[in-house]
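Colleague: I want to know how the labels on this model were earned. Can we go through them one at a time?

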Amino acid sequence: MEEWKSENPPALTFDKFIRTARLLSPMKDFELDEQEIEFRKHPLLDYWCRINLGRSLRVKQAHAPSDYDDTIQEVIKRTHEKCFFCPENLETTTPKFPPEVAPEGRLRKRKFVLLPNLFPFAEHHAVGVLSEDHFLGLNEITKELLEDSFKVSVAYFDRIFKLNNEMKFCSINMNYMPPAGASIVHPHVQITSDIKGSGKLLEILYKSKEYHKAHGTNYWIDLVGTEKWLKERFIGTSGAVSWLTNYAPMGKNEVIGIVTRPISHFRAFDETLISDFSEGLSKIFTGLWEKRHVRSLNLTIYSGPIDVDVSEYFRVHVKLISRPVLRPFYTGDTAFMENFYAEPIIETAPEDVASDLHSIW
C-alpha cells in the first residue's frame, strides 16, 4: 500500500471565503439575523460550493405529514407483487445478454444476478440485482452482497473488453430508492462500459495528471495524507481504501473512498481489494443509515481506462451523496444553482458528517 510519508501537508490548497447575509428575520421577532455563507473551492476540480448550515431549518411546504416508516411500508407492499427483480418474476420478465456476451444469458454469483438494462444509455449497460429481498435498508446491504456484485461486475467488464478493446471506460453506480432516480425499489446497481469517458471522468483524469506534472506526486494519495494529518474530514480505512468526506461537497453527506494501492481501473481489482472496498462501503452504508438517517443515495465508482495503468496520477475512488427521504411529496435537493450554474448549495458540514461516520469505525 502506498503511504503519504511527509510530516507536513503537501501542496493541496483548501480555498474558501465567508460572506455574511443580513436580514430581519420573522423567526427572531424581526431582530437582526446574520447568516454566514461559506464558499469552498474543490482542491483539484474547478468548482465551488456554498455552505449555509441554517438552510437545514427551511420550511418545506410539500412534505406530507406521514413519516418515512409509513410511506416506505406502503411503497414496498405496492411494488413487491409485480417487481421484475424479485426471484419469482426475474426469469420471465428481465432480458438476457446476447450469446457473445454471456451464453448463459445472465451472470450470477449466489444471490447476485447481472442482466442487461432494458432501456440502456450506454452500448453495454447492465443492471445487477443485489439480493432476492425486495427491499433492503442501507444497513442491510452486507459486505458479502457487495463482494459478489463487484466480482461479477469486474468479470463482465473483462468479457466486454475482450469482445471489443475500445470499450475501456467502465463505471459501477447505484441509485438507491426513487428520490435518487431509481425506478425500481428492489436494490440494484448499474454498470456501464463505453467507448468514451463521461465529461466529468475525463476532467478528473486530466486534472489529476496536471497535478502530478506540477507537484510530482499523486493528488489522491496527497489528499488521503492531508486529511489524515488535518483530522477534520478523515473517517477511517478498510485495508487499502481510505474513507473521508469532501471538503467541497457536490451533495449532502458526501463521502469518498480512495484506493491507496496503485490501482487505476477495475480490471486491476483482486479479491483482497474487493474485500477491502466491500467492507468499508458496508460500514459507510450503516453509518449513513444509523447516524445521518440517510434513506436514499446516489453512488458512483470512478475508474480510469481499463487498457492502461494510470495509477501514477489517478486512483479508483467511490463517491456517494444522500438524497431526500421518500415521502408522497418532498422538496428536491437540486435547484437552479446546481442544474444551471453547477454550484452545489450544501446545508451539512463535511466535518460533522465525518465525525458521525468515524464513530462507527
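Modeller: Start with a definition: the expected span of a helix is 1.5 Å times one less than its number of residues. Keep in mind that this is a predicted model.

Colleague: How do you know that the length of helix 6 agrees with that rule?

Modeller: Helix 6 covers residues 271-291, which is 21 residues. The expected span is 30 Å, and the end C-alpha atoms are 30 Å apart, so the two agree. After helix 6 comes H293, with a positive phi near 55 degrees.

Colleague: What makes R110 exposed and N253 buried?

Modeller: Exposed means over 50% relative accessible area, and buried means under 20%. R110 has 63%, so R110 is exposed. N253 has 3%, so N253 is buried. R110 sits in the loop between strand 4 and strand 5, and its phi is positive, about 50 degrees. N253 sits in the loop between strand 10 and strand 11, with a positive phi near 55 degrees.

Colleague: Why is F30 called exposed?

Modeller: The relative accessibility of F30 is 56%, and the cut-off is over 50%, so F30 qualifies. F30 lies in the loop between strand 1 and strand 2. With L24 and L32, F30 makes a nonpolar surface patch of about 330 Å².

Colleague: Why is the contact between D33 and K28 called a salt bridge?

Modeller: The rule asks for a side-chain nitrogen of Lys or Arg within 4 Å of a carboxyl oxygen of Asp or Glu. In D33 and K28 the closest N and O atoms are 3.1 Å apart, so the pair passes. D33 is buried at 8%, whereas K28 is partly exposed at 44%. The structure holds 28 salt bridges.

Colleague: How do you know that E38 and R40 are both buried?

Modeller: The limit is under 20%. E38 has 14%, so E38 is buried. R40 has 6%, so R40 is buried. Their side chains meet in a salt bridge at 2.4 Å, N to O.

Colleague: Where do R78 and E74 lie?

Modeller: Both lie in helix 1, 4 residues apart, about one turn of the helix. Residues three or four places apart in an α-helix point the same way, because there are 3.6 residues a turn. The side chains of R78 and E74 meet in a salt bridge, 3.1 Å from N to O. R78 is exposed at 55%, and E74 is partly exposed at 42%. Elsewhere, shared salt-bridge partners join K16, E38, R40, E227, E232, R233 and E351 into one network.

Colleague: And the aromatics: why is the pair of F97 and Y156 called tilted?

Modeller: The count comes to 14 aromatic pairs. The ring centres of F97 and Y156 are 5.4 Å apart, within the 6.5 Å limit, so the rings pair. Their planes are at 35 degrees, neither under 30 nor over 60, so the pair is tilted. F97 is buried at 8%, and Y156 is buried at 1%.

Colleague: What makes F150 and F277 edge-to-face?

Modeller: The angle between their planes is 65 degrees, and the cut-off is over 60, so the label fits. F150 lies in helix 3 and F277 in helix 6, so the pair ties together parts 127 residues apart in sequence. Both rings belong to one aromatic cluster, which also includes F97, Y156 and W243.

Methods. Residues numbered from 1 in each chain as written. Predicted model: local features only at pLDDT ≥ 70, side-chain atom pairs only at ≥ 80, totals over all residues. Heavy atoms only, no water. Helix = DSSP H or I, 4+ residues; strand = E, 2+ residues; numbered from the N terminus. Buried < 20%, exposed > 50% of the residue type's maximum accessible area, 1.4 Å probe, protein only. Patch = residues over 30% accessible without salt bridge, like charges linked within 9 Å, V, L, I, M, F, W, Y side chains within 5 Å. Areas by Shrake-Rupley, 256 points an atom, 1.4 Å probe, with all protein chains shown as cover. Phe/Tyr/Trp six-rings, centres within 6.5 Å; stacked < 30°, edge-to-face > 60°.
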